[in-house]
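User: Please take a close look at one part of this protein, the small sheet towards the end of the chain, and then place it against the rest of the model.

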Amino acid sequence: MKGLSGMTQQSSLKELVQRGESQTLEFKKSLSLQREGLETLCAMVNSDLAGGTVVFGVEENGTVCGIEEGNLDTAQRSLSQAIRNKFDPPLIVQMEVEELNGEKVLAISAKRSRDVPYHEYDGRAWIRQGSDKRRLSLAEKQQLTGRRNRDSHPGPWRCDRCGSWVGALHSFEISNEGMKKTYKCGCGGEFWPAT
Ligand SMILES: [Zn+2]
């Protein structure tokens, strides 16, 4: 058994593809599905798992069909451009091209940073639901902002390093910018909303 943390980093793309589509993995058979792929990535990072991978060049059932090689450079440029211009707030995406069963596949992976409640792609916020995705409603966006924004969260809190729980945070830092809540734990870690 593999540990849950760092699963994506530890397993090769081949192992990932063999495991099949999941909450955090989706296949797109062609690079012409760029928009759908990036919306799916947006939906994955917005879910509570906060990350995922989209692999182009693999059919839905896991068959490796490979990407159209002739325009790989153009496609990579177009992907990077869409990622740079259309994610708000900006999303850092890892892109890799690998050969599987003699065919080239392109994988993009991303993680949502814990201080971002949700990302939008091209003006729309998506969320993963099972192996599908749907748009977030305004009420859901407000709810996520409340739940994921540290400054307005009522607690309880949990340290990301030592795992200790606290019901409320009463630690403030005073600087010339005024008073600011701090989230530092004695162990050197930081407190994050526990629920
Ligand atoms: Zn701690």
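Analyst: A cross-strand pair is a convenient place to start: R158 stands opposite W165 in β10. The model is a predicted one, and the pair belongs to the antiparallel ladder in which two bridges join β9 (residues 157-159) to β10.

That ladder is part of an open sheet of three strands, ordered β10-β9-β13, and the pairing is antiparallel. The edge positions are taken by β10 (165-166) and β13 (191-193); each has a single partner strand, so one side of each has no neighbour in the sheet. In general, strands of a sheet pair through backbone hydrogen bonds, in either a parallel or an antiparallel way.

As for the division of the protein, domain 1 covers 9-143 and domain 2 covers 150-193. The C-alpha centres of the two domains are 32 Å apart.

A second sheet offers a comparison. This open sheet has four strands in the order β1-β2-β5-β4, and its pairing is mixed. Its edges are β1 (25-28) and β4 (93-100), each with a single partner strand, so one side of each is left without a neighbour in the sheet. From one strand to the next the twist averages 20 degrees. Here β1 and β2 run parallel and are joined by four bridges; within this pairing, E26 has V54 in β2 as its bridge partner. Helix α3 packs on the sheet and touches β1, β2 and β5, with its direction at about 160 degrees to that of β2.

The largest nonpolar core has 26 residues, and L41, C42, V45, V55, F56, V105 and W126 are those with the most contacts inside it. At least two residues of this core come from each of α3 (34-46), β2 (51-56), β5 (103-111) and β7 (126-129). The largest share, six residues, is supplied by α3. Leaving aside residues up to four places away in sequence, V105 touches V55, F56, G57, V58, V64, G66, I67, E98 and L100.

On confidence, the mean pLDDT of the protein is 88, and 94% of its residues reach 70 or more. Residues 1-9 have pLDDT below 50, and this stretch has five contacts in the model beyond near neighbours in sequence.

Definitions and conventions. Residues numbered from 1 in each chain as written. Predicted model: local features only at pLDDT ≥ 70, side-chain atom pairs only at ≥ 80, totals over all residues. Core = buried A, V, L, I, M, F, W, Y, C linked by C-beta atoms within 7 Å. Buried ≥ 20, exposed ≤ 12 C-beta atoms within 10 Å, placed from the backbone. Contact = placed C-beta atoms within 7 Å. Domains from an automatic or database assignment. pLDDT = per-residue confidence, 0-100. Pairing = 2+ DSSP bridges. Axes fitted to C-alpha atoms, helices over the stretch in contact; angles between N-to-C directions.
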